[in-house]
Amino acid sequence: VWFTGNSYPGPLLPYESELTSFLDGGGRLLLSGQDILDQAAGTTPFVHDYLHVAWDGSEAQNDKGTATVTGVTASLADGVGAVPLHHEVLQAEYEDQVTPTAGASGIFTDETGKTDALSYAGSYKVVFLAFPFEAYGSAPQKADLMKRVLGFFGP
């Protein structure tokens, strides 16, 4: 579980080689935070090849204040419905929209229907929430999402 909280720009940049090794070894990664992809941080080979995100480094998908995320049908968030994001937790609205690539699937969308989270299953597994987990819904909703993610990861 990788939790960034309010950490930008580029909170993953110093750790990408370690995360690459971890995933190459069959690891499972739940990554959550806001502004993880901010600026050029989202254009690295790690983001494209391991998180399975297409990001052009522009503001088109960056800092999209999001009131609710909605589970995508036939994903690990199937049936979740709309869940509020509580921005008072981090005092900011820096959610990102992501474009899944290379076998990844969207699991949450924002109010405009754009993808805000994805999952990928191959020789490793990734769940990437481009919004802060700590701002996600109520305690029971957080517990449900974590249970779904751990179920996706398997034993």
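**View 1. F108 has A117, in strand β8, as its bridge partner.** The model shown is predicted. Strands β7 and β8 pair in the antiparallel sense, over four bridges. Together β7 and β8 form a hairpin. Five residues lie between the two strands. In that turn, G113 has a positive phi of about 85°.

**View 2. Strand β8 also pairs with β9.** This pairing is antiparallel too, and five bridges make it up. L118 stands opposite F128 in β9. Here, three residues separate the strands of the β8 and β9 hairpin. Strand β8 covers residues 115-121. It is mostly covered: six of its seven residues are buried.

**View 3. Helix α3 runs from residue 139 to 153.** How far apart are its end C-alpha atoms? They are 21 Å apart. This agrees with the expected span, because 15 residues at 1.5 Å a residue should also give 21 Å. After the helix comes G154, with a positive phi near 75°.

**View 4. Helix α3 has a buried side and an exposed side.** Which residues of α3 are buried? They are L145, V149 and F153. These residues cover an arc of only 80° around the axis, so they sit on the same side of α3. On the other side, P140, K147 and G151 are exposed.

**View 5. Strands help to cover the buried residues of α3.** The cover includes β2 (28-34), β7 (105-109) and β9 (125-129). Two of these strands appear in the earlier views: β7 pairs with β8, and β9 pairs with β8.

How values were computed:
Residues numbered from 1 in each chain as written. Predicted model: local features only at pLDDT ≥ 70, side-chain atom pairs only at ≥ 80, totals over all residues. Heavy atoms only, no water. Expected span 1.5 Å × (residues − 1). Buried < 20%, exposed > 50% of the residue type's maximum accessible area, 1.4 Å probe, protein only. Arc of directions from axis to C-beta. Contact = heavy atoms within 4.5 Å. Pairing = 2+ DSSP bridges.
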